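Please take a moment to look at the sequence and the model together, and keep both in view while reading the paragraphs that follow.

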Amino acid sequence: MSGNQRDDQDLANTPLLAPVDEGRRRFLAGSAMLGAAGMAGAAGVAGVGALTRSPAAQAAAGDAANIHVNPGELDSYYGFWSSGQSGEVRVLGVPSMRELARIPVFNRCSATGWGQTNESLAVLGDSARFQNGDLHHVHMSCTDGKYDGRYLYANDKLNTRVARIRLDIMRCDKIVTVPNAHSIHGLRVQKAPKTGYVFANGEMIVPMPNDGRHLDDPDQYWSVFTGIDGESMEIKWQVWVDGNLDNCNADYSGRFAAATCYNAERGVTLQDKMRFERDWVVVFDIHAIERAVANGDFLNIEGCEVPVVDGRGDNNPFTRYIPVPKNPHGINATPDGKYLIANGKLSPTCTVIDTHRLPDLFDNKIELRDTVVAEPELGLGPLHTTYDGRGNAYTTLFIDSQVVKWNIEDAIRHYAGEEVSYIRQKLDVHYQPGHLNATLAETAEADGQWLVVLSKFSKDRFLPVGPLHPENDQLIDISGDEMKLVHDGPAFAEPHDCIMCRPDQVRPTAIFNRDDPFWAQARQWAEEDGVNLETDSKVVRNGNKVRVYLTAVAPQYGLNEFRVKQGDEVTVIVTNLDRIEDLSHGFAIINYGVSMEVNPQQTSSVTFTADRAGVYWFFCTWFCHALHMEMAGRMLVEPA
Ligand code: RUQ
Ligand code: CUA
Ligand code: CA
C-alpha cells in the first residue's frame, strides 16, 4: 500500500470506542457500551439514564428570540422530514419547527384516503398489498448541485421501495419496488449536472434470485446498488457488490457515488458482522457503469430484466472498496465538492476521502487508502455529518449524546502531521442523536444558519406520554462561532433524517390544474361514459359495475342521493369545482369505511363493493362552509 503509514497500524490500535471526556468516561467504562456489541442495544439506554440532568442544566444556553416566528409570519426554511416506521414524509417550517403538512407515502392515511383512493392505489401499484413502510431518507432533486424544487425521493427500508413526491402538489406520484435487493436503506440523488439518478442501497444480503434456493448458504447471499432514473422512475441498472450497503451519497461532479458498508464480512449474525477490523466505503463510477450498460456488457439475474454489472472484487471498472474502520454508517459530501466523509460508528473517527483523487483511484494510479486525507478522532459513536459551508463539519456522537463541531482542513493538516487541533466545540444534545442536517447542507449552497439534530431518545425532556416517548428533534443555531441549542421539537415515530431548503426553492400550487395527470384514470372513465367531470353528476351502470359521478361545490354535492344494488362494484368519482384556495372537500360514506380528500379543482375516486343493503349517508369531511354539516347525501343500497 503506497499511502501514508498511519493506515494499518492505526486501525489496528484504534480503541473501539475511545473515551472523550472524563465525567462520561467514568460512566461509560462501567457499562457494556465499550463492549463491541453493546453500543446500540441496552447499553444505549443505560447511557441515556446516566446523562439525565437537573432541570436547571436542561435549560440550554441559547437565544430563544432567534427562533420566534410571530403569529402570521412565515418561516425562513422548509424542512422535509422522514418519519421512519410511520411511513410518511412531514413538512416543517424552520426555525419555528411547526409541522405544516404530512405527505402519505408508504402508510395509509385516514384524512386523505391514501391507500384507498384509486389514484393512490395506482401509485402504490403491486405493492399496495403492503399497508406500511419504513421511510428513512428524503432528498430533493438537484440541478447543478442545488435544490431545484421538482421532486422529493424517499426509500422504504421495510418493503424495498423507492418513492417520488411531486413538490408542486406535495403528493407521492410514483413508487417502484427494487428487484434483486432486500431492503433499500441509503438513498441519495445525483447532485450534478441534474437528478438524474436516484441511488438506492440494498442493505440486507440474500440469494439472487431470492426464490428459495441457497437458503442455508450465506456464501450465496449478495446485495446490489441501484440507479433509478428520477424522471421516469425506471430502474436503469444495478451493481452487484461485495458486502452490504448502508448509507450513500453522491459527489458534485456527477461521476461518483459512494456507500458505506458495515458488513464486509457478509455475515448473517451480529457477531459475524463485527468480525473484521475494517469495512468499506464503496465508490461507484457512474460513467463506467453507464458505458458498460450501453455496450451490452452486463448480466441479468434470472427472472429480471434490469441490467446488472458485476462490481465485486478488486479488479472491476465499476467499484472501489476503500477500507475504513469497523462498521461505518453515514456518508456525507462536503458542499464544496472536495470530500466525502464517512462516519465511524464503532470507531470514534470519521474518514475524510478526497473526491479529486477518485479518478486516479479508478485508473489504478493510486492505492485505495491514498484517497484518505484525514481520520479525525471525534468521540463515541459518530453516525452522521453535516456542514456549514464555512469549512466546518458537525458530527453526531450517538453514545456521547453530543454534536461535535470540527474543522475539516485542520483535521487534514493534523493527519499530515501538523500540531493543530481540529475540534471546535462539543454540544450536549438530548439524547443519542442519529441524523443531523444543517440548512442546505446537502447542496452546494450550505448557508450555515440552522442545524437540526434528530435525537433518538427524549427521556425526561417532555411531559410523559406512556412507554413510547417522542423523539426529540432539536434545533441548534450555528450562525455564529458557537453552536447554541435553541429548541426541543417532539416528534412521533420516528424521523430518521431531514433536509432544509429556502422557500423560494419550492413552489407548491394551491389549486389543482384540471389537466393534472393524477386522475388520468377517472378522466378516461368519464370519456368512456360520456360524462363531463366539471359539470355532470350522474350514475352510469354497466352490468354490476356502477360509476357515480359527483361534483362538489360548497356546501353541496351534485346529487342528494344515488341508488345502487347490493353486490354492485361502486366507483364514486368526486370533482371539487371550487376555485378558492384552501377550500377542500372530502367524501366519506358512513359504515362503509370510505373517506378521501378532494382539494380545490381535484378529482378523487374510490371503488368498493356495496355489500350491505340499506341507507348509508355520505358526507363531506373538511369543514368547508357554515353549512358543512349539511353537506351530505344518501347512498341507497337496494337489497339483492
Ligand atoms: S440511518 S441514524 Cu436509516 Cu439514515 Cu442513520
Ligand atoms: Cu364540503 Cu365540508
Ligand atoms: Ca463489519
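Which residues make a nonpolar surface patch of about 360 Å²? In this predicted model, the patch is made by Ile590, Val615, Trp617 and Phe619. One of these residues, Trp617, lies in strand E39, which covers residues 614–619, and because its relative accessible area is 44%, Trp617 counts as partly exposed.

The surroundings of ligand 1 have another character. The residues around ligand 1 are His136, His137, His185, Asn247, His329, His384, Gly434, His435, Lys456 and His496, and this shell divides into nine polar residues, one charged residue and no nonpolar residue.

Some details of the backbone also deserve attention. Most peptide bonds are trans, and most residues other than glycine have a negative phi. The peptide bond from Val94 to Pro95, however, is cis, with omega near 20°, and Pro95 lies in the loop between strands E2 and E3. A cis peptide bond also joins Thr195 and Gly196, with omega about 15°, and Gly196 is found in the loop between strands E8 and E9.

Positive phi values occur at Ser183, where phi is near 85°, and at Asn364, where phi is about 60°. Ser183 sits in the loop between strands E7 and E8 and is buried, because its relative accessibility is 6%, whereas Asn364, in the loop between helix H8 and strand E20, counts as exposed because its relative accessibility is 53%.

Finally, consider Ser347, which has its place in the loop between strands E18 and E19. Ser347 is buried, with a relative accessible area of 4%, and a polar contact of 2.4 Å joins its side chain to that of Thr349.

Terms used. Residues are numbered from 1 along each chain as its sequence is written. Chains are lettered from A and ligands numbered from 1 in the order in which they are written. This is a predicted model: local features need pLDDT of at least 70, side-chain atom pairs count only at pLDDT 80 or more; totals for chains, interfaces and linings use all residues. Side-chain values use heavy atoms; hydrogens and water are left out. Patches are made of residues with over 30% relative accessible area and no salt bridge: like charges are joined within 9 Å, nonpolar side chains (Val, Leu, Ile, Met, Phe, Trp, Tyr) within 5 Å. Accessible areas come from the Shrake-Rupley method with a 1.4 Å probe; for residues, only the protein chains shown count as cover. A salt bridge is a side-chain nitrogen of Lys or Arg within 4 Å of a carboxyl oxygen of Asp or Glu. Helices (H or I, at least four residues) and strands (E, at least two) are DSSP runs, numbered from the N terminus. Buried means under 20% relative accessible area, exposed over 50%, partly exposed in between (1.4 Å probe, protein chains only). A polar contact is a pair of N or O atoms within 3.5 Å; within protein, one must be able to donate a hydrogen and the other to accept it, and residues adjacent in sequence count only if both atoms are side-chain atoms. A residue is near a molecule or strand if one of its heavy atoms lies within 4 Å of it. Ala, Val, Leu, Ile, Met, Phe, Trp, Tyr, Cys and Pro count as nonpolar, Asp, Glu, Lys and Arg as charged, and the others, Gly among them, as polar.
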